[in-house]
Amino acid sequence: MPTVAQSASDPWLSAFRERSDLEVYGDNAIGLFALALKFGLDDLETVAAESITDGHDDKKCDLLHISKEDGVAVIAQCYYSTKVKQSAPANKASDLNTAVAWLLQRELKDLPDRISVAAQDLREAISGGEVTQLYIWYIHNLPESENVRNELRSVEATAIAALKHHHPDDNVRVQVLEVGAGQFNEWYNDTQSPILVNEDFSLQVSDGFEIAGPEWKAYVTAIPLAFLRAEFKKYNVKLFSANVRDYLGSKESDNNINHGIKKTAESEPQNFWAYNNGLTILVHSFEPPSPTAKRRVFQFKGMSIVNGAQTTGAIASTGGRLDAAAKVAARFVQTSDQQLLYSIIRYNNSQNKVTASDFRSTDATQRRLREEIKQIPSAEYEGGRRGGLADAIRRRSNLLPSYTVGQALAALHGDPVVAYNQRADIWAVDRLYARYFTESVTGSHIVFAYSLLKAVESTKMALVTRAKKEPDTLTEDDNQQLSFFRKRGSTYLMVAALAACLETFLDKKISNLARVSFGSKIAPKRAQQIWMELIEVNMPLCIYLEEAFTYGLKSPEKAKGAILKFRSLVQATKKSNSATYRKFSNHIVII
């Protein structure tokens, strides 16, 4: 069994140690890194602001991450050892029994403040069908062990029993996992290549042809649907490792494309090739059939379906024998050019509606914003795309992640409920996208919004850290602010509340909020500092925003009512804070 010393040079560990931005989170840093590797998250500060529950009376839950867009939740216990050990302590794995029991079973009124809102959010997401996969992780940097696995089997039984009792009608899958050095190695290695299925394949084809470009070559043919189904059943979603989305599922409705695929395969197999757009499959290498051979056998190594996940998943869910006549067009593409490889992935997915959030980069507004942000010091912006695994692993310190920018804009423009609950929809739904990314929005305005969100997150993190390390120093006001920040979505609500007060801060009418910024010479980090004093003087008023959380941050009407009350109090206290507001207004540029 390898020791920590033997694995100290593992690439994943080196990458983790390079993330100096995560040091502030202590043992939870390794939990955030695990989330980044597994789910490709590229803004861990924002994730931490919502997900960390660790501290006094946390009921053994260090992290609760909920992603409604991915349909997953993660309950985690985190441990980082600075010493060489053969395995992680098993008692911390058994602690997850406590975490699961409190989060899923106990009455909400009995839960401590720290996790009551998190538990409510999780339960409502499960009941509403927004979470269908529950991960329970023990995350550490040591080798995995049988002792820990035994403890986690007990945790799995606890979780399944709790879900059956409290959510009998909800179809939630449970996966309990020890995320140690071995699992980190596997996840990290998976990020280094978009092709995870590396086996050799031989496939008899009827005909085909080869075509080549400067840095790529491809073989185009037709493959049996039975082959696709067999390989999906063997490798499952690993077949889609280069696809930006996995199989979406099938519903029995005429307008559901996946149901239509199944129906065609079963009722008109001889016409499937003509009806379907076909697949693009990335391979490490291929060998075309010999033109002189009696049996035309196409051989290839490695397989990742970059376009065709819905076709493959739909075919895999069919029942009975597939007709031999049922075939689908497929092109097998080989390239050793890494940049070209990712361009193939990008453009082969760009027509799929469900990936609209990842491909707004062709939008004229995003092109303009990227160019404008290039002119701002220490700022990068990709405009419509998540940073991807490279940014999830090795943080680009100047990057303004696209999804966080969308949330910041939504909150600043008065929609904290959208910012918190509809992170992906801001990019995917045309109505929402057009609301926040208007022609008036500038690169400097994006920095203005983003820096406010980061300043609020920083304020929250400072208070949470102080409560953990120096709880005796907290005043009553501090505790009230801490209680506010423990509410999920609180950072977006505070951004919206402060933005609603801008006319009071500036003592002037603002006809178009999108035209307000700190100008094009202010870097995001400096912009964040400008916001801090304004936040400090108004944080005591956060208790008047509490009514927005009556049933979680879900009601736009309740949020607007709370913000109006907050704004009235800011106006009432304007005179006592006039010096702070004048100082802030000196930085403002309105075009």
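The second largest cavity of this predicted model has a volume of about 90 Å³. Its lining comprises 12 residues. Nearest the centre of this cavity lie Asp 42, Asp 43, Arg 395, Leu 399 and Pro 401. Helix H4 (44-51) and helix H20 are the elements that give two or more residues to this lining. By class, the lining of the second largest cavity divides into 7 charged, 4 nonpolar and 1 polar residues.

In total, 2 cavities reach 30 Å³ or more. The largest has a volume of about 120 Å³. It is lined by 13 residues, and those closest to its centre are Arg 395, Ser 397, Tyr 450, Pro 524 and Lys 525. Three elements are named as giving two or more residues to the lining of the largest cavity: strand E13 (399-400), helix H20 (443-469) and helix H24 (524-538). The residues of this lining comprise 5 polar, 4 nonpolar and 4 charged. Arg 395 is listed among the residues closest to the centre of the largest cavity and among those nearest the centre of the second largest. Likewise, helix H20 gives two or more residues to the lining of the largest cavity and to that of the second largest.

Strand pairing was examined next. An open sheet of 4 strands has the order E1-E2-E3-E4. Its pairing is mixed. Strands E1 (63-67) and E4 (173-179) stand at the edges. Each has a single partner strand, so one side of each is left without a neighbour in the sheet. From one strand to the next, the twist averages 15°. Within this order, strand E2 (residues 72-79) and strand E3 (residues 133-140) run parallel and are joined by 8 bridges. Ile 75 has Ile 136 in E3 as its bridge partner.

Strand E8 (residues 279-283) was considered separately. Of its 5 residues, 5 are buried, so E8 is largely enclosed by the rest of the structure. In a regular strand, side chains alternate between the two faces of the sheet. Along E8, Leu 279, Ile 281 and Val 283 point one way. Thr 280 and Leu 282 point the other way. Residues of both sets are buried.

E8 pairs with strand E11 (residues 327-335) in the parallel sense, over 5 bridges. Here Leu 279 stands opposite Ala 330 in E11. With strand E10 (residues 297-307), E8 runs antiparallel, and 3 bridges join the two. Ile 281 stands opposite Ile 305 in E10. Leu 279 and Ile 281, which face these partners in E11 and E10, point the same way from E8.

Cysteine pairing was also searched. The whole structure contains 0 disulfides. A disulfide requires two cysteine sulfur atoms within 2.5 Å. For Cys 61, the closest cysteine sulfur is that of Cys 78, at 8.9 Å, which is too far for a bond. Cys 61 has 1% relative accessibility and therefore counts as buried. For Cys 542, the closest cysteine sulfur belongs to Cys 501, at 13 Å, again too far for a bond. Cys 542 also counts as buried, because its relative accessibility is 0%.

Methods. Residues numbered from 1 in each chain as written. Predicted model: local features only at pLDDT ≥ 70, side-chain atom pairs only at ≥ 80, totals over all residues. Heavy atoms only, no water. 1 Å grid on protein atoms, 1.4 Å probe; cavity = no way out; pocket = protein on both sides within 12 Å on 5 of 7 lines; lining within 4 Å. Points joined across faces, edges and corners; volume = space filled by probe spheres on them. Nonpolar A, V, L, I, M, F, W, Y, C, P; charged D, E, K, R; others polar. Buried < 20%, exposed > 50% of the residue type's maximum accessible area, 1.4 Å probe, protein only. Pairing = 2+ DSSP bridges. Axes fitted to C-alpha atoms, helices over the stretch in contact; angles between N-to-C directions.
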